[in-house]
Amino acid sequence: MNFKKENILVVDDNNDMLDLVQRQLKSSNYRTYKASSVTEAIEVLKQSNINLLISDINMPDINGLELLKYAEEHYPSLPKLVISGIPSIHNVVSAMKSGALDYLTKPFTSDELNKAITNCLVKTDLMLPNESSQNENTYGEIIGHSSQFKEIIEIIKRIKDTKANVLIEGETGTGKELIAKAIHFTGKFGNKPLITVNCGGIPENLIESELFGHVKGAFTGASETRTGLFQAADGGTIFLDEIGNAPMAVQTRLLRVLQEKEIVRVGSTRPEKIDIRIICATNSNLEEMVSKGTFREDLYYRINIVNIKTTALRNRKEDLPLLIKTFIEKYSKEYNKSNLKINEKVTEVLFRYDWPGNIRELENLIHRMVIMSDDSIDLNHVPDHLKYHIPSSQDIFKSLKEYEKEQILKVLSFVNNNKTKAAQILQIDRKTLNQKIL
Ligand SMILES: Nc1ncnc2c1ncn2[C@@H]1O[C@H](COP(=O)(O)OP(=O)(O)OP(=O)(O)O)[C@@H](O)[C@H]1O
Ligand SMILES: [Mg+2]
């Protein structure tokens with residue numbers, strides 16, 4: 001068997017569980033090491049070159065969290081994944097604080113395990129200053145080479161090592177979360193936690209205690225004191241996704257955190273210091289919400305120190321060829337379909353479409369088309385609503401000059417911005433080409 005390069009250590013006091021995980025990992029071609037206690041695990045870490053640690057938390061004698069802390073101290077760049085039977089915020093928070101990158105609840109499927117492992121390894125790769133594997137068309141997991149993309153990368157590079165608050169605005173599927181991840185993982189606090197909170201996804205009555213924690217007896221059901229997500233992210237980044245959905249009461253508390261750099265648990269009056277970077281994202285128009293009085297103006301200014309606006313895919317179609325190529329490569333590799341071609345007519349349809357779901361929609365479509373095709377993606381694999389799409393009136397009323405520029409940019413991106421080649425294809429000279437894209 002050809003093993004992958006990663007050596008994985010699995011730690012669990014339950015032997016059946018160890019065997020199960022080992023079988024799952026073996027079928028995915030990972031080399032595995034087993035330990036049924038923390039003491040045994042430390043021995044393996046010392047003797048073998050382990051690249052990923054997977055550990056249970058609840059074990060007799062020494063708790064798995066102690067192992068995570070030990071590993072964090074002695075092998076700080078070793079990615080750690082927790083598998084545990086009790087999915088409580090408290091456990092997740094403690095695991096994250098001890099350096100775990102992900103948390104998987106037992107029982108899990110082979111697929112879930114593989115996904116979590118890949119995630120951990122990708123995150124670790126992103127954290128390493130691995131400039132050589134990044135070319136000028138990618139940054140972290142973000143792909144693109146339009147001027148809008150380059151501007152965003154410039155901003156990310158400028159702010160990644162700072163604690164400045166960032167607001168990312170843009171339509172759905174334009175990569176807001178990818179940008180947040182890139183800021184965190186490529187920055188110097190990338191080895192600290194990144195905690196993502198979907199502000200619209202937590203029930204309103206729980207959101208304050210989830211974010212800030214609570215003290216015992218703060219409300220019915222608060223049987224013990226709990227740490228909140230802000231404290232779990234201490235030293236790192238908290239990503240407040242869909243910030244436009246945060247209720248007023250939470251907005252008021254957030255403002256306090258931003259102003260005072262401290263949190264107060266629900267039911268307590270004692271402030272606790274935190275050192276955190278806040279990245280917010282939204283696809284609603286916060287400025288409009290401010291003018292309607294549904295979003296606090298003072299909070300808006302506080303979170304909007306650095307502003308990143310993503311551009312809809314229909315307004316930067318010059319990124320399409322690169323994205324199409326990358327997604328085809330990604331999925332044809334996943335489904336073992338080497339040399340998969342795409343019919344030119346399909347590319348034309350993809351160019352005409354205006355992508356309301358942006359890159360997410362494009363990626364999902366290509367994923368589906370790769371599955372459906374044998375050696376070539378043809379028109380019959382394209383859904384009807386795309387094939388018969390009528391360009392928006394905005395497109396119809398474009399001037400010839402605009403069409404010309406779009407065509408030139410398309411050709412340029414196909415030839416990797418080689419202007420001499422592009423000029424040859426378009427049968428114009430280089431100077432004219434330069435003038436026309438101004
Ligand atoms: N520039 C990009 N390069 C590669 N993949 C991208 C890019 N932008 C988005 N994607 C892919 O599109 C999908 C959606 O991205 P992401 O979740 O970051 O979008 P979002 O703006 O947060 O969307 P939403 O507002 O719906 O939450 C993901 O699968 C992501 O990998
Ligand atoms: Mg998102």
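# Exercises on a three-domain chain and its ligand

The centres of domain 1 and domain 3, taken over C-alpha atoms, are separated by 42 Å. This is a predicted model, in which local features need pLDDT of at least 70, side-chain atom pairs count only at pLDDT 80 or more, and totals for chains, interfaces and linings use all residues. Residues are numbered from 1 along each chain as its sequence is written, chains are lettered from A and ligands numbered from 1 in the order in which they are written, and side-chain values use heavy atoms, with hydrogens and water left out.

**Exercise 1.** State the domain bounds and place ligand 1 relative to the domains.

Solution. Step 1: the assignment gives domain 1 (7-127), domain 2 (140-309) and domain 3 (314-436); such bounds come from an automatic or database domain assignment. Step 2: domain 2 and domain 3 both give residues to the shell around ligand 1, so the ligand lies between them.

**Exercise 2.** Describe the surroundings of ligand 1.

Solution. Step 1: the shell has 16 residues, of which Ile143, Thr172, Gly173, Lys176 and Arg360 come nearest; a residue counts as near if one of its heavy atoms lies within 4 Å. Step 2: take the polar contacts (pairs of N or O atoms within 3.5 Å; within protein, one must be able to donate a hydrogen and the other to accept it, and residues adjacent in sequence count only if both atoms are side-chain atoms). Oxygen atoms of ligand 1 lie 2.5 Å from a side-chain N or O atom of threonine 172, 2.8 Å from a backbone N or O atom of glycine 173 and 3.2 Å from a polar backbone atom of glycine 175. Step 3: taken alone, ligand 1 exposes 630 Å², and the protein buries 84% of that (Shrake-Rupley method, 1.4 Å probe; for residues, only the protein chains shown count as cover).

**Exercise 3.** Explain what the salt bridge between lysine 309 and glutamate 169 ties together.

Solution. Step 1: a salt bridge is a side-chain nitrogen of Lys or Arg within 4 Å of a carboxyl oxygen of Asp or Glu, and the count comes to 20. Step 2: in this pair the N to O distance is 3.4 Å. Step 3: lysine 309 is in strand β14 (306-309) and glutamate 169 in strand β8 (166-169), so the pair ties together parts 140 residues apart in sequence. Helices (H or I, at least four residues) and strands (E, at least two) are DSSP runs, numbered from the N terminus.

**Exercise 4.** Locate the cis peptide bond.

Solution. Step 1: the bond joins lysine 106 and proline 107, with omega about -5 degrees. Step 2: proline 107 lies in the loop between β5 (102-105) and α5 (110-127).
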